[in-house]
Protein chains: 4
Amino acid sequence: MTQTITQVAFIGLGNMGGPMAANLVKAGLKVTVFDLMPQAVAELVKLGANSAASANEAAANADVVITMLPAGKHVRGLYLGNAQADQQGLLDVVASHCLLIDSSTIDAASAQLVGQAAKAKGLEFIDAPVSGGTAGAAAGSLTFICGGSDKAYAMAQEVLGIMGGNIFHAGDVGAGQIAKICNNMLLSVLMVGTSESLQMGIDNGLDPKVLSDIMKVSSGGNWTLEKYNPCPNVMDNVPSSKAYQGGFMVDLMVKDLGLSQEAALASNSSTPMGALARSLYVNHARQGHGKLDFSSIFEQFANKNK
Amino acid sequence: MTQTITQVAFIGLGNMGGPMAANLVKAGLKVTVFDLMPQAVAELVKLGANSAASANEAAANADVVITMLPAGKHVRGLYLGNAQADQQGLLDVVASHCLLIDSSTIDAASAQLVGQAAKAKGLEFIDAPVSGGTAGAAAGSLTFICGGSDKAYAMAQEVLGIMGGNIFHAGDVGAGQIAKICNNMLLSVLMVGTSESLQMGIDNGLDPKVLSDIMKVSSGGNWTLEKYNPCPNVMDNVPSSKAYQGGFMVDLMVKDLGLSQEAALASNSSTPMGALARSLYVNHARQGHGKLDFSSIFEQFANKNK
Amino acid sequence: MTQTITQVAFIGLGNMGGPMAANLVKAGLKVTVFDLMPQAVAELVKLGANSAASANEAAANADVVITMLPAGKHVRGLYLGNAQADQQGLLDVVASHCLLIDSSTIDAASAQLVGQAAKAKGLEFIDAPVSGGTAGAAAGSLTFICGGSDKAYAMAQEVLGIMGGNIFHAGDVGAGQIAKICNNMLLSVLMVGTSESLQMGIDNGLDPKVLSDIMKVSSGGNWTLEKYNPCPNVMDNVPSSKAYQGGFMVDLMVKDLGLSQEAALASNSSTPMGALARSLYVNHARQGHGKLDFSSIFEQFANKNK
Amino acid sequence: MTQTITQVAFIGLGNMGGPMAANLVKAGLKVTVFDLMPQAVAELVKLGANSAASANEAAANADVVITMLPAGKHVRGLYLGNAQADQQGLLDVVASHCLLIDSSTIDAASAQLVGQAAKAKGLEFIDAPVSGGTAGAAAGSLTFICGGSDKAYAMAQEVLGIMGGNIFHAGDVGAGQIAKICNNMLLSVLMVGTSESLQMGIDNGLDPKVLSDIMKVSSGGNWTLEKYNPCPNVMDNVPSSKAYQGGFMVDLMVKDLGLSQEAALASNSSTPMGALARSLYVNHARQGHGKLDFSSIFEQFANKNK
């Protein structure tokens, strides 16, 4: 990709979007931002970003537009506008060479709908959901899982490289979302499976630290044992050792598991473990633990009677 | 441990026990073997082992006895004998300094029963189930997960080190069995969860190789993606790429999941994922796939209608 | 309801809609029918129905419109039309006193969308999904589970009474769909739970007929034991005793379980049993059994190795 | 059966055994009782029973022995004695014509072991676990599910008919236990499935009473909707409408589900729903709800955040 990006529009400055945009500003790019919360905009302006009166105004002269929004309906509304209400979308206002990157975690169907509409207008669109949490957003070490054409994926390297470390190309538009929810569904299964295995070990007199050390280098080895042990006081500096504060909230895992089940319904797939993990996480959230870190599912297995 | 082992008795020369005993012979130890199958004994004798007319005779002068048997009832019978039938057990015939190592994968309760009886006679007993399969047994690269006293664990290092690579100390007698079935239960959850995630990706148009590469280095990372991908033709030289031949049989996973559920019942533990994995594996075995490698659970999710 | 219905429009003459419409004709009502399949229309005309060139033409002079379509998108398209394509919907063409009854089994969200649009135009709409299968449709003994206003529910009695026996009022528009999928989700759980319980009894030497007789009148009693035993040769004249032919197809149960999981996602509900039943039914369908009766899930638990 | 029972020994006078024995006394039989708790014995003596210094003494002259004990190990110990400790069992002391009835809910393997030992001594033994709870025990309306020979079953009618209403013959010795746990496993599935279905209805705006009425007479109909609705205030006089007090405790359901899983392991059966129900009930008990009625599993699905 020879053309260098100079103008970036960043729309959606929440817990993730804010620090992501900040890293672009710090890297020397010209960044114009928009968010419905003036406070969030002000913080970016303080760092050197420009503000705009609307998302469409922010995007008007951009070489790249990056969006970071809560759900599929917001993404569809922002990109497609509303013909009945005579409201233009981003696709109606951006320059013809502008690359569109949506980093929201949303349903694949919405990503595909926007991607098709972009293609119909000759625009390149890429879905690039992230993992790595707010810490990764701040550190510029996010993982991006991208769906889009080879051309769009190549064009996106420059800006994504500023905000993240690993950048993957999962396939065509929508594939980024699918790959991310496959991964996060599997993560939830690892977390629940590891939790119940550790608790069964504890119930039978084993030291969870010893058991974790054994399983970590055996065939039970997985990311949660490596980086994110759910049993309190096995690892330092993980949420389970800090009363399950910080990290990735149960409510967000419930959201991602909902997306995974939507995808499973759409493709008529059978995901017994993922579906069971969703039920357990929903029960956990409904019992009032939605704001705890998702490794707190361990507490569903612990014996409160002891 | 200063005392060097010279005489080993090895009882149970099946698919695992045979090559394990062979490695001890090759290492220069004096090994006396026993098995109910004369053929199995003959093969070890050919390599230089001595044979005995019974397990008790084999064990009579041993510094270490190693046993590798199918199930708890065999282990109990061999070590404890049968008072009503006036039949002596290993515990009645071994020398007072003899170390007893049972490498069978059995229920923890049986291991604990034998361990207590050994202790009552002043003998050291260790349960040391293995993982690594027949390939690991042949290569001398098994993993041993041990339960027993610190003293017994130290004494066992020499012989276990000849047969295996990783040697873990999980806790007191029985802890080896518990740790192993916790690990294998978790492994089954990883295998099922990875299978359904990959198939959902495929159903949504993703390349399973690309998806595996992404998840392997993301938070879905686990042993099965690293070493044992269940989707055909993603990795070379794994059972899934060889029509699920070889490897670790479904029937053996069903056995281990049965042991894990026995332990869960005994300790009143809740293991929803492990219990579900067991049901899926039993269904798979009952449909006639018990002799396939356990990664063939992937086929439960594939779409045969296409 | 004093006003007597004289003109009925019936749209969608498939396996269910055809015999339902036929019963209305036989009851002496003036019925105008429409279906995309001319053959289906011809059969009704033979019985005395009128045909129309389009759904909208059929509905133009009707006192009641009844629709029986495969999925939510068909219902939305038919009632709402397509503004962009300048295509009118039923709501645009029916008389102001016309009662609209949709008997399709669809997602509640679609039913609510159509219901709101109808209300905005001053029309009464009722969602009235059925149970009872093709046999019930032919016999005029269907169960209708209705969602809509008290007024609409009262208006619907006359025609529904011709096609069915039990008529329930579940609540406002959409409640009929929700109640139906709650029921069918529960039915799938009863079927799977009964199947595994009977097979466990058989595996332990019990006669499934004796066990069924005991559980039927005990606390395990449920509709499947009463009317639809899944174990072959326990009851006469049920699909399980006829090689699982006839009855309610696995593919249709998969569809209904998909709708139930859509509803669970929309309301953030936890349905571990329903989700598990869906996974098991999808596996069953993917193994090539989609056209069998849904009681064939029993075969997932039987031991093919024996 | 011509021989009339005159002497009954009743051993185990707990919450169930006490009122059962009382009904035999009230019916005019000569009943000799034994229990480790003198208080329990005293209550029966007050009603007219004789007491004995030991179980064996109570049984010595009995025509029928009835036992009601907590677990398999108690039953095995009582009937078989302990040869090593030179302790006689019931089988060693009863008259040759004496009928042995164990009404405990225990594992089938223990029942079969005792049954075989009885047969070897020419004695008739029957396992006859009950359902109906303490209320049924007091009212003499228990259900007995019997395993044993036709002769033993016929002999048992007289005494069982005094204590209960429905008496079933499930098969040979052990079949009573198997049938009971099949039934109770299925009951747990009905209860969980009904709970999640009702809550999903509520989450979508339905009145649980209306939904219950619809499902009760539809294909979701089952014993819990008929007699024991888990949603508060749908039915009067059930535990759910009395803060889940009384009824059948969660801890007892956990015990029965443990027995069902033991049987599933022994017969290598797959019971995905029963295993999941067990996990959910264990979680519920571990969260401190073991003493509530088992219909309180409904609370696992309710939304505490509202």
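How many residue pairs are in polar contact across the interface of chain C and chain D? In this predicted model, the rule finds 14 such pairs, both residues being at pLDDT 80 or more. Salt bridges are another matter: between chain C and chain D the rule finds 0 of them.

Let us stay at this interface and see what it is made of. Chain C contributes 52 residues to the contact, and chain D contributes 52 residues as well. Together the two chains bury about 4400 Å², with 71% of that area on carbon and sulfur atoms. Three residues of chain C stand out here: C:M200, C:S219 and C:M273 supply 17% of the area that chain C buries against chain D, more than any other three residues.

Which elements of chain C give two or more residues to the side that touches chain D? If you follow the chain, you meet the strand β9 (164-171), and after it the helices α9 (175-203), α10 (208-216), α11 (223-227), α12 (250-266) and α13 (272-289). Of these, α9(C) gives the most, with 20 residues. Sorted by class, this side of chain C has 31 nonpolar, 19 polar and 2 charged residues.

Now turn to chain B and chain A. Here 53 residues of chain B are in contact with 53 residues of chain A. The area buried between chain B and chain A is about 4400 Å², and carbon and sulfur atoms give 71% of it. On the chain B side, the residues that lose the most area to chain A are B:M200, B:S219 and B:M273, which together make up 17% of what that side buries. Across this interface the rule finds 0 salt bridges, while 14 residue pairs are in polar contact, both residues at pLDDT 80 or more.

The elements of chain B that give two or more residues to the side touching chain A are β9 (164-171), α9 (175-203), α10 (208-216), α11 (223-227), α12 (250-266) and α13 (272-289). The most comes from α9(B), with 20 residues. By class, this side of chain B has 31 nonpolar, 19 polar and 3 charged residues.

Next, leave the interfaces and look at the start of chain C. Is strand β1 (residues 7-11) of chain C largely enclosed or largely open? Of its 5 residues, 4 are buried, so the strand is largely enclosed by the rest of the structure. Its pairing is with strand β2 (residues 30-34) of chain C, in the parallel sense and over 5 bridges. To find one of these bridges on screen, pick C:F10 and look for its bridge partner in β2(C), C:V33.

Finally, two loop residues deserve a visit for their backbone angles. Most residues other than glycine have a negative phi. A:N268, however, has a phi near 55°, a positive value. This asparagine lies in the loop between α12 (250-266) and α13 (272-289) of chain A. With a relative accessible area of 35%, A:N268 is partly exposed.

The other residue is C:N233, whose phi is near 70°, again positive in a residue other than glycine. Where does C:N233 lie? Look in the loop between α11 and α12 of chain C. Exposed means over 50% relative accessible area, and C:N233, at 62% relative accessibility, therefore counts as exposed.

Definitions and conventions: Residues are numbered from 1 along each chain as its sequence is written. Chains are lettered from A and ligands numbered from 1 in the order in which they are written. This is a predicted model: local features need pLDDT of at least 70, side-chain atom pairs count only at pLDDT 80 or more; totals for chains, interfaces and linings use all residues. Side-chain values use heavy atoms; hydrogens and water are left out. Contact means heavy atoms within 4.5 Å. Buried area is the accessible area (1.4 Å probe) that two parts lose on being put together, summed over both. A salt bridge is a side-chain nitrogen of Lys or Arg within 4 Å of a carboxyl oxygen of Asp or Glu. A polar contact is a pair of N or O atoms within 3.5 Å; within protein, one must be able to donate a hydrogen and the other to accept it, and residues adjacent in sequence count only if both atoms are side-chain atoms. Ala, Val, Leu, Ile, Met, Phe, Trp, Tyr, Cys and Pro count as nonpolar, Asp, Glu, Lys and Arg as charged, and the others, Gly among them, as polar. Buried means under 20% relative accessible area, exposed over 50%, partly exposed in between (1.4 Å probe, protein chains only). Two strands pair if DSSP finds at least two bridges between them.
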